[in-house]
Amino acid sequence: MQNEHIPAHLGKLVLLGLVDGALIMLVFWQYSKWLAAQSPYGIPVYVVSPILLIGLTYVLYRFLCLLIFNGTLGMKIFKVIYLDGEEQPLSIYDKLLASCFILYRGVDYYEKKETIV
């Protein structure tokens with residue numbers, strides 16, 4: 001049986017990471033504007049560190065997108081999917097860990113192999 005997927009090109013991985021990162025930063029920027037509007041001094045007051053908040057938002061975004069849509073927005077735009085070491089779809093457990101740890105237990109980015117007819 002011939003493999004149907006090949007590892008994704010590094011350029012695509014960088015671009016999809018930029019798309020996902022830009023989306024998270026846009027959400028965080030809107031959240032900061034909302035917090036500033038709530039503050040009497042016009043300065044956003046964070047309960048936790050903004051860096052920690054961005055990281056947690058990114059992990060939650062990745063997990064929900066992987067769970068519901070089987071890929072983030074960047075992955076959908078560049079037609080890249082996650083597969084495990086045996087090139088099988090991820091289980092819920094693998095999706096949870098892959099959302100926290102980029103490459104977990106052989107989980108990697110793959111794209112559909114193009115066939116020339």
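Me: Which helix gives the largest share of the nonpolar patch?
Reply: In this predicted model, where local features need pLDDT of at least 70, side-chain atom pairs count only at pLDDT 80 or more, and totals for chains, interfaces and linings use all residues, the largest share, five residues, comes from helix α2 (residues 50–69). Residues are numbered from 1 along each chain as its sequence is written, and side-chain values use heavy atoms, with hydrogens and water left out. Helices here are DSSP runs of H or I with at least four residues, strands are runs of E with at least two, and both are numbered from the N terminus.

Me: Which residues form this nonpolar patch on the surface?
Reply: Leu60, Leu64, Leu67, Ile68, Phe69 and Ile92 form the patch, with about 600 Å² of accessible area together.

Me: Why is isoleucine 92 called exposed?
Reply: Exposed means over 50% relative accessible area, buried under 20% and partly exposed in between (1.4 Å probe, protein chains only); isoleucine 92 has 56%, and therefore counts as exposed. Isoleucine 92 lies in helix α4 (residues 92–100).

Me: What makes the phi of lysine 79 notable?
Reply: Most residues other than glycine have a negative phi. Lysine 79, although not a glycine, has a positive phi of about 55 degrees, and is found in the loop between α3 (73–77) and β2 (80–83).

Me: Why does glutamate 87 count as partly exposed, and lysine 79 as exposed?
Reply: Glutamate 87, in the loop between β2 and α4, has 22% relative accessibility and so counts as partly exposed, whereas lysine 79 is at 67% and therefore counts as exposed.

Methods:
Patches are made of residues with over 30% relative accessible area and no salt bridge: like charges are joined within 9 Å, nonpolar side chains (Val, Leu, Ile, Met, Phe, Trp, Tyr) within 5 Å. Accessible areas come from the Shrake-Rupley method with a 1.4 Å probe; for residues, only the protein chains shown count as cover. A salt bridge is a side-chain nitrogen of Lys or Arg within 4 Å of a carboxyl oxygen of Asp or Glu.
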